[in-house]
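Colleague: Could you walk me through this model at a friendly pace? I would like to ask about strands, side chains and charged pairs.

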Amino acid sequence: MNHAVRLAVIDGLPAWQVRVVQPERFRDVRCTLEPRLFKLAPGSLFAVLLQLYDVPNQPYFIHRVLDLSDPEVVKHLDLCAKSGRLVISFDTVGQVNGYTRTLLLDSGRWQLLLKEGQAFNATVDVKGQAALEQFLEAFMPASRERGVRAGWEAVQTANPES
């Protein structure tokens, strides 16, 4: 499976590789990691919103949606939950050197959402790509206009059972 999200492990910790033009601007800023589970008819998805507050009240954000029918995704999220950390590897498209930054996460919440998503997938005929397409159909228009949380709410409205 080809991942749009670049999953990695750095020094035994789960990591996301992120390419940005000016990685240094995110080195010491406040950040938040917010996970959410979506249970759609074709399968469950684990969404994560990472916000980096380089500009107050207008954070730079990275949004990931992960298919829980993919064993590599499940392995990565399980490592996140067990370690309580996520390493962000800031790579650059320019000449500046990148770096890594380790973020703490709510491991109990991540583990709970992961287990809930896996339990749901055990009850349906999982079609991961169809779940992603269904998610994006509702998410994209709302998120373009009003942001990630509005996109999440649009998915919830379109799929009340999720």
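Modeller: Here are some questions and answers about the structure shown above.

Modeller: This is a predicted model, with residues numbered from 1 along each chain as its sequence is written. Local features need pLDDT of at least 70 and side-chain atom pairs count only at pLDDT 80 or more, while totals for chains, interfaces and linings use all residues; side-chain values use heavy atoms, with hydrogens and water left out.

Colleague: What is the strand order in the open sheet of four strands?

Modeller: Helices (H or I, at least four residues) and strands (E, at least two) are DSSP runs, numbered from the N terminus. Two strands pair if DSSP finds at least two bridges between them. In this open sheet the pairing is mixed, and the order is E1-E2-E6-E7.

Colleague: Which strands are the edge strands?

Modeller: An edge strand here pairs on one side only. That description fits E1 and strand E7 (99-104).

Colleague: In which sense do E2 and E6 pair?

Modeller: Strands of a sheet pair through backbone hydrogen bonds, either parallel or antiparallel. E6 covers residues 85-92 and is joined to E2 over six bridges. Gln17 stands opposite Ser89 in E6. The sense of the E2 and E6 pairing is parallel.

Colleague: What angle does the direction of H1 make with that of E2?

Modeller: H1 packs on the sheet and touches E1, E2 and E6, where contact means heavy atoms within 4.5 Å. Axes are lines fitted to C-alpha atoms, for helices over the stretch in contact, and angles run from 0 to 180 degrees between N-to-C directions. For H1 and E2 the angle is about 110 degrees.

Colleague: Is Ser44 buried or exposed?

Modeller: Ser44 sits in strand E4 (residues 43-52). Its contacts beyond four places in sequence include Leu37, Phe38, Leu66 and Phe120. Buried means under 20% relative accessible area, exposed over 50%, and partly exposed in between (1.4 Å probe, protein chains only). Because its relative accessibility is 0%, Ser44 is buried.

Colleague: Which residue has a positive phi although it is not a glycine?

Modeller: Most residues other than glycine have a negative phi. The residue in question lies in the loop between strand E1 (7-10) and strand E2 (13-20). With a relative accessible area of 80%, it is exposed. Its phi is about 50 degrees, and its name is Asp11.

Colleague: How many salt bridges are there?

Modeller: Side chains of opposite charge can pair when their charged atoms come close. A salt bridge is a side-chain nitrogen of Lys or Arg within 4 Å of a carboxyl oxygen of Asp or Glu. One of them joins Glu24 and Arg27 at 2.6 Å, N to O. By this rule the count is eight.

Colleague: How many residues apart are Arg149 and Glu34?

Modeller: Arg149 and Glu34 form a salt bridge, with the closest N and O atoms 2.6 Å apart. The pair links distant parts of the chain, since Arg149 is in helix H4 (residues 148-158) and Glu34 in strand E3 (residues 31-40). Arg149 is partly exposed at 41%, and Glu34 is partly exposed at 26%. Along the chain they are 115 residues apart.

Colleague: By about how much of the helix are Lys82 and Asp78 separated?

Modeller: The side chains of Lys82 and Asp78 meet in a salt bridge at 2.9 Å, N to O. Lys82 is exposed at 65% relative accessibility, whereas Asp78 is buried at 17%. Because they are four residues apart in helix H1 (residues 71-83), the separation is about one helical turn.
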